[in-house]
Amino acid sequence: KPTLLPLLREETSSFIFPCNPALQRPELQHMVMELLRCIPLLLFLLFVCGLDHFIFSVLSIIQHHSFIEYSYQTSHHLSVNVMGTSLMAELLRTTIGALNSSFDTEVETSNLVCLPQPTGMTRQQYLNTCLPLGALAFLCLAQVYPFRLRRAIAAFYFPKREKTRVLFLYNKLLQQRKHFLHLQRGRIARQARQPPGLWTLLLQWCRRRWPCLRRCLRRSCTLCGKPETPRHQPCPNPDCNALYCESCW
């Protein structure tokens, strides 16, 4: 009977292994989409912070270069002198002399009250403004780990449905592997019928001429592209230079 284990390299990359702490390819795709949704918020936040700094700079320039101070000084002196010693002179001196006055006026004022009093945001305030967006981006990175529990929770409450899903996935992988091997056989056959390129011939000549360079001039698996290891198997056909890794072989 056909079996799935061990999984091929292409099949492994399409699965999510819950015990693996690293982010895996299906999770990366979902995480990147979530991070892309944060870009409009980031652009809006940068626009608001830039607009705030621009308005503060304009108001600060107005405050420093539009300050005007007024100083007003005036003095008033009125003195009436009545000459003579007659009765009329004494009477006029008594009545008109009350009009004598003297005062000085000094007024200083400015437009400081009318000028804007801007207050710039501190670094801590900018940090507190960007902190929610940073927390949102961190949650986009960390949400992949709680999402791994969804299948376990569903399997605990619906065991029959979980068994159906496992059987469906098993049969689906068998069909995909069958079609995959069929397509790869055709690709390798077409590649074998083509004459080798100049670079391939040069590498083969260097490997035969200097065996010590085989570690540097390592080949890769014809099927999955895995770098050459001692477990790789060459094709038994002497006219074929194909090399396969252990799982593909």
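Which residues are linked in a network of salt bridges? Arg 151, Glu 162 and Arg 165 are, and they get a view of their own further down. Keep in mind throughout that this is a predicted model.

**View 1. The spans that UniProt calls transmembrane.** An unreviewed UniProt entry gives the label "transmembrane region" to residues 41-62 and to residues 126-145. Take residues 41-62 to begin with: this span is 100% helix and 0% strand. From one end to the other, its C-alpha atoms lie 32 Å apart. Residues 126-145 come out at 95% helix, again with 0% strand. Here the end C-alpha atoms are 30 Å apart.

**View 2. A nonpolar patch on the surface.** Here's a group of side chains worth picking out one by one: Phe 44, Phe 47, Val 48, Leu 51, Phe 54, Ile 55, Val 58 and Ile 62. Put together, they make a nonpolar surface patch with about 740 Å² of accessible area. Let's zoom in on one member, Val 58, which belongs to helix H2, a helix covering residues 25-65. Its relative accessible area is 34%, so Val 58 is described as partly exposed.

**View 3. A salt bridge inside helix H2.** Side chains of opposite charge can pair when their charged atoms come close. In this view, Arg 37 and Glu 34 do just that, with a salt bridge of 3.5 Å from N to O. The two sit three residues apart in helix H2, so about one helical turn separates them. Are these partners buried or exposed? Arg 37 is exposed, at 57% relative accessible area, while Glu 34 is buried, at 17%. The count for the structure comes to five salt bridges.

**View 4. Arg 148 reaches Glu 27.** Another salt bridge joins Arg 148 to Glu 27, and their closest N and O atoms are 2.7 Å apart. Why does this pair tie together separate parts of the chain? Arg 148 is in the loop between helix H5 (144-147) and helix H6 (149-157), whereas Glu 27 is in helix H2, so the bridge connects parts that are 121 residues apart in sequence. Both Arg 148 and Glu 27 are buried.

**View 5. The salt-bridge network.** Back to the trio from the opening: Arg 151, Glu 162 and Arg 165 are linked through salt bridges. Between the side chains of Arg 151 and Glu 162, the N to O distance is 2.5 Å. This pair links distant parts of the chain, with Arg 151 in helix H6 and Glu 162 in helix H7 (residues 159-193), 11 residues apart. Arg 151 is partly exposed, with 46% relative accessible area. Glu 162, at 14% relative accessibility, counts as buried.

**View 6. Aromatic rings, and a charge over one.** How many aromatic pairs does the structure hold? It holds one. The partners are Phe 156 and Tyr 157: their ring centres are 5.1 Å apart and their planes meet at 90 degrees, so the arrangement is edge-to-face. Phe 156 counts as exposed at 64% relative accessibility. Tyr 157 is exposed too, at 57%. Elsewhere, a ring has a charge for company: the charged end of Arg 150 sits over the ring of Phe 147, 4.4 Å from the ring's centre.

**View 7. The annotated C-terminal domain and Pro 227.** An unreviewed UniProt entry marks residues 219-249 as "domain: E3 ubiquitin-protein ligase DCST1-like C-terminal". The span is 0% helix and 13% strand, and its end C-alpha atoms lie 15 Å apart. Pro 227 is in the loop between helix H8 (198-209) and strand E3 (233-234). With 42% relative accessibility, Pro 227 counts as partly exposed. Measuring C-alpha to C-alpha, Pro 227 and Gln 143 are 33 Å apart in space, with their positions 84 residues apart in sequence.

**View 8. Gln 175 and Val 82.** Find Gln 175 in helix H7. Its relative accessibility is 52%, which puts Gln 175 in the exposed group. Where does that leave Val 82? Gln 175 and Val 82 are 93 residues apart in sequence, and from C-alpha to C-alpha the gap in space is 131 Å.

Conventions
Residues numbered from 1 in each chain as written. Predicted model: local features only at pLDDT ≥ 70, side-chain atom pairs only at ≥ 80, totals over all residues. Heavy atoms only, no water. UniProt positions renumbered as here; feature names shortened; annotations may be inferred. Helix = DSSP H or I, 4+ residues; strand = E, 2+ residues; numbered from the N terminus. Phe/Tyr/Trp six-rings, centres within 6.5 Å; stacked < 30°, edge-to-face > 60°. Buried < 20%, exposed > 50% of the residue type's maximum accessible area, 1.4 Å probe, protein only. Lys NZ or Arg CZ within 6 Å of the ring centre and 35° of its normal. Patch = residues over 30% accessible without salt bridge, like charges linked within 9 Å, V, L, I, M, F, W, Y side chains within 5 Å. Areas by Shrake-Rupley, 256 points an atom, 1.4 Å probe, with all protein chains shown as cover. Salt bridge = Lys/Arg side-chain N within 4 Å of Asp/Glu carboxyl O.
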